[in-house]
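Biologist: I'd like a close look at one part of this protein, the place where helices pack against each other and aromatic rings gather. Could you walk me through that part slowly, as you would for a first-year student?

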Amino acid sequence: MINDYSKDVSTFFRVLQRHYQAFLDMMCWQITTRSEFDRLVGTDPATLTDLERAARFFYLQRTSFGGKVNGRTFGTSPSEPGRFNIVKLAPLLEDVHERLSGVVIERLSYQAFIPRYDREGTLFYLDPPYWGNENDYGEGLFGRGDFEQMAELLAGIKGRFILSINDRPEVRDVFKEFTLQPVSLTYTVG
């Protein structure tokens, strides 16, 4: 089971699951250019077919700085090759295609998804926007108050969960009823 409230993400997974070869055929001539990046940023995804929408999303994620969804900027480096190379990406996409075989793909809010699938033995992995970056996944999709709503919802589930979030005093306060495990990491995005 996979759930993502973003229509771009859920469409991308569904297309990779069901239309993998058509997706690869569509992407095989794509190259990394700022003009194509700008054209796709300016294209309303609601005007595209599911295949076009998935291709747009994947291209923008690969070519934007830091893979940002909101406020994308073209990511390039004079010392690195273009970030969109379908020859190198095809094996990764094929692995995702195979992993998605038989997976149910949902596009629900966390408020709807968790109660629907909660039961003993369920493990939820949640990756909300980080505190202070609530609009990173899109304007108005997740607000500051959602952290408290999420904590209240998670306090009553039958299953278990893992939540990745930044370590801030506010986050520690909201999720103080749960076991918190700090993890150190190094960001590779400048």
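Modeller: Sure, let's start with a pair of helices. The axes of helix H3 (residues 34-41) and helix H4 (residues 50-63) come within 10 Å, and they cross at roughly 130°. That angle makes H3 oblique to H4. The crossing in which H3 passes H4 is left-handed. On the H3 side, the residues that touch are Glu36, Phe37, Leu40 and Val41, and on the H4 side they are Arg56, Tyr59, Leu60 and Thr63. Sort the residues of this contact by class and you get five nonpolar, one polar and two charged. Keep in mind as you look around that this is a predicted model.

Now stay with H4 and bring in another partner, H1. Two packed helices are described by the angle between their axes and the distance between the axes. For H1 and H4, the angle is about 110° and the axes are 8 Å apart. H1 and H4 are therefore roughly perpendicular to each other. Here too the crossing is left-handed, with H1 passing H4. Who does the touching? From H1 come Lys7, Asp8, Val9, Thr11, Phe12, Arg14 and Val15, and they meet Asp50, Leu51, Arg53, Ala54, Arg56, Phe57 and Phe58 in H4. By class, the contact of H1 with H4 divides into seven nonpolar, one polar and six charged residues. If you've been keeping track, Arg56 of H4 turns up in the contact with H3, and Arg56 is also listed in the contact with H1.

Next, the rings. A search of the whole structure turns up 12 aromatic pairs. One of them is formed by Phe12 and Phe58, and this pair is stacked, with 5.5 Å from centre to centre and 10° between the planes. The pair links distant parts of the chain: Phe12 sits in helix H1 (residues 7-18) and Phe58 in helix H4, 46 residues apart. Are these two rings buried or exposed? Phe12 has a relative accessible area of 10%, so Phe12 is buried. Phe58 is buried as well, because its relative accessible area is 9%. The cut-off behind that is simple: buried means under 20% relative accessible area.

Let's zoom in on Phe12. Setting aside neighbours within four places in sequence, Phe12 is in contact with Phe23, Ala54, Phe57, Phe58 and Leu93. Some of those names come back in a group: Phe12, Phe13, Phe23, Phe57 and Phe58 form one aromatic cluster. For a contrast, take Ile162: Phe12 and Ile162 are 150 residues apart in sequence, and their C-alpha atoms are 24 Å apart in space.

Another aromatic pair lies elsewhere along the chain. A pair of aromatic rings is described by the distance of the centres and the angle of the planes. Phe113 and Phe124 are edge-to-face, with 6.1 Å centre to centre and 80° between the planes. Phe113 lies in helix H6 (residues 110-117) and Phe124 in strand E3 (residues 123-126), so this pair ties together parts that are 11 residues apart in sequence. Both Phe113 and Phe124 are buried.

There's one more neighbour worth meeting on the way out, Ile105, which lies in strand E2 (residues 105-106). Ile105 has 22% relative accessibility, so Ile105 counts as partly exposed. Leaving out neighbours within four places in sequence, Ile105 is in contact with Ile2, Ser10, Phe13, Arg14 and Gln17. You've already met Phe13, as a member of the aromatic cluster, and Arg14, as one of the H1 residues that meet H4. The C-alpha atoms of Ile105 and Asp4 are separated by 8.2 Å, although these residues are 101 apart along the chain.

Finally, let's step back to the whole chain. The protein chain has eight helices and four strands, and read along the sequence they follow the pattern β-α-α-α-α-α-β-α-β-α-β-α. The C-alpha trace spans about 50 × 35 × 30 Å along its principal axes. Of the 190 residues, 36% count as buried. And among contacts between residues at least 6 apart in sequence, 67% join residues at least 24 apart. The stacked pair of Phe12 and Phe58, 46 residues apart, is one link of that sort between distant parts of the chain.

Key:
Residues are numbered from 1 along each chain as its sequence is written. This is a predicted model: local features need pLDDT of at least 70, side-chain atom pairs count only at pLDDT 80 or more; totals for chains, interfaces and linings use all residues. Side-chain values use heavy atoms; hydrogens and water are left out. Axes are lines fitted to C-alpha atoms, for helices over the stretch in contact, and angles run from 0 to 180 degrees between N-to-C directions. Helices (H or I, at least four residues) and strands (E, at least two) are DSSP runs, numbered from the N terminus. Angles under 35 degrees count as roughly parallel, over 145 as roughly antiparallel, 65 to 115 as roughly perpendicular and the rest as oblique. A crossing is left-handed if the near helix is turned anticlockwise from the far one by less than a right angle, and right-handed if clockwise. Contact means heavy atoms within 4.5 Å. Ala, Val, Leu, Ile, Met, Phe, Trp, Tyr, Cys and Pro count as nonpolar, Asp, Glu, Lys and Arg as charged, and the others, Gly among them, as polar. Rings of Phe, Tyr and Trp (its six-membered ring) pair if their centres lie within 6.5 Å; planes under 30 degrees apart count as stacked, over 60 as edge-to-face and the rest as tilted. Buried means under 20% relative accessible area, exposed over 50%, partly exposed in between (1.4 Å probe, protein chains only).
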